[in-house]
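Trainee: I'd like to look at one part of this model closely instead of skimming the whole chain. Could you choose a spot, walk me around it, and then follow the helix packing outward?

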Amino acid sequence: MSDNEGDQGPKSTFSTYMAEGDQLYQKGEYVKAIESYSTALILQPDDKNCLVARSKCYVKMGDSGNALRDAEASLKEDKEFFKGLYQKAEALYTMGDFEFALVFYHRGHKLENKGDLSFFHKADEVKKGRPKGLIHPLRREMRQQNQKTPKSEKTAKQLLGELYSDKEYLEKLLKDEDLVKGKMRDGERLQDLILNCITYLDTRTEFWRQQKPIYARERDRKLMQQKWNKTRQNPPSDPTRFVLKSLEEIDAALTAGNAESSLKKAREVLKSVQCWSEEVVPNKKEVLGNLHSCIGNSLIDLGKMDRALDNHLKDLDLARQCKLPEAKSRALDNVGRVYARIGKFPQAINAWEEKIPLASGGLERTWLFHEIGRCYLELKRHTEARDYGVRSLAVADEIADEKWQLNACVLVAQSEMKLGNFKSGVAHFERALDRAKVLQDDPARDAIQKALREARQRL
């Protein structure tokens with residue numbers, strides 16, 4: 001941005017200034033990055049992603065006041081915007097409000113796994129890959145499975161891992177009568193926030209006990225542990241323990257938003273494992289595949305798509321060599337994600353269609369059909385887009401998942417409108433609107449109502 005640009009007004013587009021700010025942030029030039037983000041906000045004053053990005057710069061500079069203001073501004077229109085909640089937690093932490101910071105961190109983590117309907121009113125979202133909420137798109141099943149509790153605290157501790165200490169901490173906060181009477185700046189009671197966090201952790205415990213998440217690495221680690229234990233006894237210095245502990249640390253860093261730390265750790269472990277023989281590490285190729293997957297996911301978060309793709313393809317190659325269907329499914333999922341994000345939709349379709357026979361469970365299938373349909377829609381192959389939308393909707397109906405019924409209905413409606421089948425398009429928009437109202441999803445409802453008005457004019 002030129003020195004006199006502020007006087008003359010922005011000369012370029014919002015996206016250009018955002019990209020410029022992102023590059024400057026990565027270089028550690030936080031003052032210049034703030035200037036770019038501020039110029040972008042002149043063009044789109046309420047863009048929540050830009051506000052979060054500028055808040056991150058303020059945190060790096062130690063300006064926690066401005067960091068908190070931007071984080072709260074990002075939540076003005078959408079109080080469940082998980083990136084804003086995460087950033088608010090970060091800002092509060094730097095200010096020393098550790099209790100509030102923990103509450104907002106857990107609330108953001110809860111909402112990150114909630115699901116995302118932004119496909120409808122952001123036509124290019126598929127280019128950026130699968131929404132965050134699709135990593136664990138299982139909230140309905142989690143609610144159904146929350147009717148029981150683990151048999152013991154020991155079981156809960158094993159299932160929650162590092163989060164168990166956070167659960168204990170939240171429970172202690174709940175006993176502080178003076179603290180729980182407090183309210184947040186938006187008037188919400190702190191007691192309610194803490195209870196929501198504890199409920200989320202209890203739900204997660206039961207969910208992990210009864211049903212393994214689609215993308216949970218814990219399952220892979222346990223399988224490897226079982227196979228390795230058959231081959232040798234594990235002394236305290238066994239490499240097996242080192243690998244399993246390292247995978248947990250790598251995942252924890254990435255989940256916390258520290259992609260660079262996760263990447264560094266994964267590369268260090270990969271280098272070590274490559275030097276070990278298969279006698280030392282049985283299933284060595286399976287371990288290498290997991291590490292390449294971790295590296296690829298970190299690189300995706302860092303925006304380094306070419307290198308991310310290279311690692312996910314290595315994961316896929318190792319999975320094929322070892323004939324590991326679950327690892328192959330994981331790799332194909334990630335390969336498709338990268339291709340979709342960089343706009344190579346035919347390649348994304350090829351990867352995801354190869355994954356179809358490997359998909360396990362209704363939620364994974366309805367998501368997969370939906371993503372393939374979105375790619376076809378981007379390619380203007382509207383018949384294929386509609387057909388995959390119909391398949392996604394059929395599975396969503398089968399498992400009675402209201403969110404995916406909404407997503408699939410929107411995809412079918414958009415495809416039908418492009419094909420000139422206006423009556424069918426309107427009907428599917430109307431059903432999508434009904435789902436949005438049931439879910440009390442106001443942004444989706446507003447977007448669908450707007451599209452529905454336009455669609456009815458074409459009847």
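**A serine and the helices beyond**

Mentor: Happy to! Let's begin with S415, which lies in helix α22. Please keep in mind that this is a predicted model. The relative accessible area of S415 is 0%, under the 20% cut-off, so S415 counts as buried. What does S415 touch, leaving aside residues up to four places away in sequence? The list is L377, H382, A385 and R386. Another way to place S415 is by its distance to R381: the two are 34 residues apart in sequence, yet their C-alpha atoms are 8.8 Å apart in space.

Now go back along the chain to the loop between α21 (382-398) and α22 (402-419), where you will find A400. Its phi is near 55°, a positive value in a residue other than glycine. It is worth a pause, since most residues other than glycine have a negative phi. A400 has a relative accessible area of 32%, so it is partly exposed, in contrast to the buried S415.

Next, the helix pair α19 and α20. Helix α19 covers residues 345-355 and helix α20 residues 362-378; their axes come within 9 Å and cross at roughly 155°. Because of that angle, α19 runs roughly antiparallel to α20. The crossing itself is left-handed. On the α19 side, F345, A348, I349, W352, E353 and K355 make the contact, and they meet E364, W367, L368, E371, I372, C375, Y376 and E378 of α20. Sorted by class, those residues are nine nonpolar and five charged, with no polar ones.

There is a second pair to set beside it. The axes of α15 (residues 259-275) and α16 (residues 284-301) also come within 9 Å and cross at roughly 155°. The angle therefore makes α15 roughly antiparallel to α16, and here too the crossing is left-handed. From α15 the contact takes in A259, S262, L263, A266, R267, V269, L270, V273 and Q274; from α16 it takes in K284, V287, L288, L291, H292, C294, I295, S298, L299 and D301. Twelve of these residues are nonpolar, four are polar and three are charged, so polar residues do take part here, whereas the contact of α19 with α20 has none.

Two residues help to fill in the surroundings of this second pair. N283 sits in the loop between α15 and α16, and it has a positive phi of about 60° although it is not a glycine. Its relative accessibility is 30%, so N283 counts as partly exposed. The other is D251, whose place is in helix α14 (residues 239-255). D251 is 15 residues along the chain from A266, and their C-alpha atoms are separated by 9.4 Å; A266 is one of the α15 residues in the contact with α16. With a relative accessible area of 18%, under the 20% cut-off, D251 is buried.

Finally, step back to the whole chain. The secondary structure comes to 24 helices and zero strands. Of the 459 residues, 49% count as buried. The protein exposes about 22,800 Å², of which carbon and sulfur atoms supply 47%. Among contacts with a separation of 6 or more, 59% are between residues 24 or more positions apart.

How values were computed:
Residues numbered from 1 in each chain as written. Predicted model: local features only at pLDDT ≥ 70, side-chain atom pairs only at ≥ 80, totals over all residues. Heavy atoms only, no water. Axes fitted to C-alpha atoms, helices over the stretch in contact; angles between N-to-C directions. Helix = DSSP H or I, 4+ residues; strand = E, 2+ residues; numbered from the N terminus. Parallel < 35°, antiparallel > 145°, perpendicular 65-115°, else oblique. Left-handed = near helix turned anticlockwise from the far one by under 90°. Contact = heavy atoms within 4.5 Å. Nonpolar A, V, L, I, M, F, W, Y, C, P; charged D, E, K, R; others polar. Buried < 20%, exposed > 50% of the residue type's maximum accessible area, 1.4 Å probe, protein only. Areas by Shrake-Rupley, 256 points an atom, 1.4 Å probe, with all protein chains shown as cover.
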